[in-house]
Structure formats: structure tokens, C-alpha cells
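Colleague: Could you take me through this one? I'd like to hear how you justify the words you use.

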Amino acid sequence: MTVAADERVARVGLARRLLIRPELGAVVGLVVVFVFFAAQSPVFRSPDGIANWLDPAATLGIMAVAVALLMIGGEFDLSAGVLTGTSGLILVTLATRFGLNVWLAMLVGLVVALAVGLANGLVVTRTRLPSFIVTLGTFLMLQGVNLGVTKAITGTVQVSGLRRAEGFEVANAVFAGTIDVGGTSFRVAIVWWIAVTAVATWVLMRSRAGNWIFAVGGNEQAARAVGVPAARTKIALFMTTAFAAWLVGSILALRYTSVQANIGIGQEFIYIIAAVIGGCLLTGGYGSAIGAAIGAVIFGMADKGIVFLGWDADWFKFFLGAMLLLATLANRLVRRYAEEVRH
């Protein structure tokens with residue numbers, strides 16, 4: 001007697017598996033953008049040009065990956081951008097004005113950043129207020145603290161002089177230095193970006209925590225019903241975003257050795273755009289870390305490619321808006337196709 005195969009375990013072909021991947025649209029966009037700029041600018045496709053556009057992609061990518069995890073979990077963090085500034089200000093202020101070793105100042109910044117992430121997560125999970133509102137409030141408070149404290153300590157809106165602080169040289173080499181590859185200097189931040197993307201991808205695809213993230217983002221009530229610790233998962237995601245903000249803030253502070261009090265403001269929308277371009281849905285429960293990293297690469301290529309071609313920098317905003325709309329449409333189509341395949 002022949003037994004019919006269970007449709008739930010039916011094999012899905014390689015082509016179909018690729019078509020339902022959330023980062024598919026980002027990969028297509030990456031190829032199109034690279035070919036467009038490379039065809040018109042030899043500098044863009046040269047090793048030095050690649051190092052040039054991978055630099056902004058790296059710091060953006062670290063944040064975009066963390067924001068993507070949070071979005072997959074069904075939440076937003078509008079304080080992520082300004083928190084990078086807070087972390088950098090803590091590092092430079094403590095090291096230059098209070099004489100702390102750079103490593104100790106970085107540790108204090110990490111504790112503060114994680115505390116902010118913890119506070120965001122607790123308020124969102126305890127009050128059930130939209131994370132958009134909660135983190136907008138955090139954004140405004142941090143913006144005020146950054147400006148107020150910096151002015152009170154320095155009399156200006158900038159803190160500088162980190163290069164003279166104890167421990168700077170080693171910290172700078174680890175977080176903001178360069179590495180030579182085939183005669184071309186690449187920023188160490190690229191290595192941190194790759195590491196963050198790899199860890200986030202492993203968590204999403206190979207760990208129980210990854211299943212929890214997709215579950216709470218797709219349907220929180222159903223996830224709770226089957227024993228998923230939804231509150232703890234979301235709090236951990238907010239703290240992950242805060243950790244990424246601390247890392248990026250520290251990298252930028254060590255690179256430039258000074259920090260403006262208004263740094264990072266407005267960047268939170270760029271992080272979200274990169275995550276959406278990479279395949280994340282605004283409704284949660286869908287996306288990938290690799291896709292967000294690819295979205296950051298597209299950002300970096302456009303940012304520097306426009307300069308290499310000698311265009312007005314204002315066109316970059318137009319490009320971001322167009323990419324956001326196209327990515328949202330592509331994500332919707334891919335999501336719809338994925339649902340049809342599962343059924």
C-alpha cells in the first residue's frame with residue numbers, strides 16, 4: 001500500500017528556498033547599485049574605493065543588524081542613534097575631564113548604555129505602551145542630557161582631547177584602527193561588523209533565542225501561550241541594540257578623538273531604513289541579520305558612489321527614499337510568496 005507523503009514535510013526546491021529568503025531583495029539591490037556605480041567610476045571599484053565605502057557601511061551595519069533583531073521581535077528603538085552619542089560623550093568626558101583610563105571609561109559607557117536598553121525594555125513590556133512612544137521619550141531625554149551635561153562641563157557642545165588619555169593607543173587600535181589587506185587599509189570596524197552579523201545570524205537561525213525572537217514578533221500572545229518568555233526576549237533585544245550603540249559610539253569617539261553633543265541624532269531612521277532594505281517587515285516576525293548588513297552596504301555604496309561621480313550630495317536622500325519604497329514593496333511580495341509556498 002502506498003502512503004501519501006505528508007505535505008508538511010514536502011521538499012522545497014533550492015530555487016524556491018532562495019526566492020522566499022527575506023534578504024533576496026537586498027541582494028538584488030546590492031548587485032544593481034554596485035554595477036551602476038562601478039560602471040561609471042573606476043575609483044569606486046578599486047580596492048581603495050571599496051575600503052572607502054565599506055567604512056560607513058561598517059558602523060551603520062553594526063547598528064542595522066541590532067535594530068533588525070529588534071524589528072523582527074516586533075519593536076522599534078528611536079533612541080538608538082542618540083545613544084551612540086551618549087556612549088561616545090561618556091567615554092571622552094570621563095577620560096579627558098576626570099582622568100579615567102580609556103578602558104574604564106568605555107566600561108562605564110557600556111553600563112550606562114545597557115541600563116538605558118534595560119529601561120526601554122522594562123517600560124515597553126510592563127506598560128504595553130508602543131515602543132515607538134517609549135523610545136521617542138528616551139530619545140528626547142538623552143538629547144537633553146547630552147547637550148545639558150556637555151555644556152555644563154565644557155562650556156561648549158563638544159568634548160575633545162581623547163588622544164592624550166591613558167589607554168588610548170591600544171583602545172584605538174582595537175576599535176578604530178586599520179588593517180592592511182593586499183596593500184589597502186581597511187578599518188577594523190569592518191571586522192567588528194562582520195563579527196556582529198555572524199553572531200546575530202547564528203542566534204536567529206541556530207538557537208532557541210532566535211525562535212523566540214521570531215515568535216514574539218510574529219504573534220506575541222501565541223508565543224506566550226506556548227511558553228516563550230516574551231518579556232525577557234524583548235528586554236534582551238533592547239539591551240542588544242543598546243550594546244550596538246555603545247560599540248558604534250566608542251568606535252567613532254576613538255576614531256575622531258572628540259564628540260559633538262548632537263552626534264547620532266537622526267541616525268535611528270537610517271538604521272531602520274537599512275533593516276527594511278534588508279528584508280525586515282515593520283510588522284515584525286520576519287527578516288534577517290544578513291539582510292540588514294547588506295542594506296548597510298547599499299547605503300555605503302550610495303553614500304560614497306555619489307561623491308565619486310561628482311553628484312550633488314542632496315541626491316543621496318532621494319536615493320534612500322526610493323530604496324525604502326522599493327524594498328518595502330519587494331518585501332511584501334516576497335512575504336506573500338513565502339506564505340503561498342507554506343500553504
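Colleague: What makes you call V199, W202 and R206, on the other side of α9, exposed?

Modeller: Exposed means over 50% relative accessible area, buried under 20%, and partly exposed lies in between (1.4 Å probe, protein chains only). V199, W202 and R206 land in the exposed class. Mind you, this is a predicted model: local features need pLDDT of at least 70, side-chain atom pairs count only at pLDDT 80 or more, and totals for chains, interfaces and linings use all residues. Residues are numbered from 1 along each chain as its sequence is written, and side-chain values use heavy atoms, leaving out hydrogens and water.

Colleague: Which residues of α9 are buried?

Modeller: Those are A189, I190, W193, T197, A200, T201 and L204. Looking down the axis of α9, they fall within an arc of 105° (using directions from the helix axis to the C-beta atoms), so they line one face of the helix.

Colleague: What covers the buried residues of α9?

Modeller: The cover includes α4 (47-72), α12 (230-256) and α14 (289-308). Contact here means heavy atoms within 4.5 Å.

Colleague: Why does the span of helix α9 agree with its 18 residues?

Modeller: Helices are DSSP runs of H or I, at least four residues, and strands are E runs of at least two, numbered from the N terminus. The expected span is 1.5 Å times one less than the number of residues. For residues 189-206 that gives 26 Å, and the end C-alpha atoms sit 25 Å apart, so the two agree.

Colleague: How much of the protein chain is buried?

Modeller: Buried residues make up 49% of its 343 residues.
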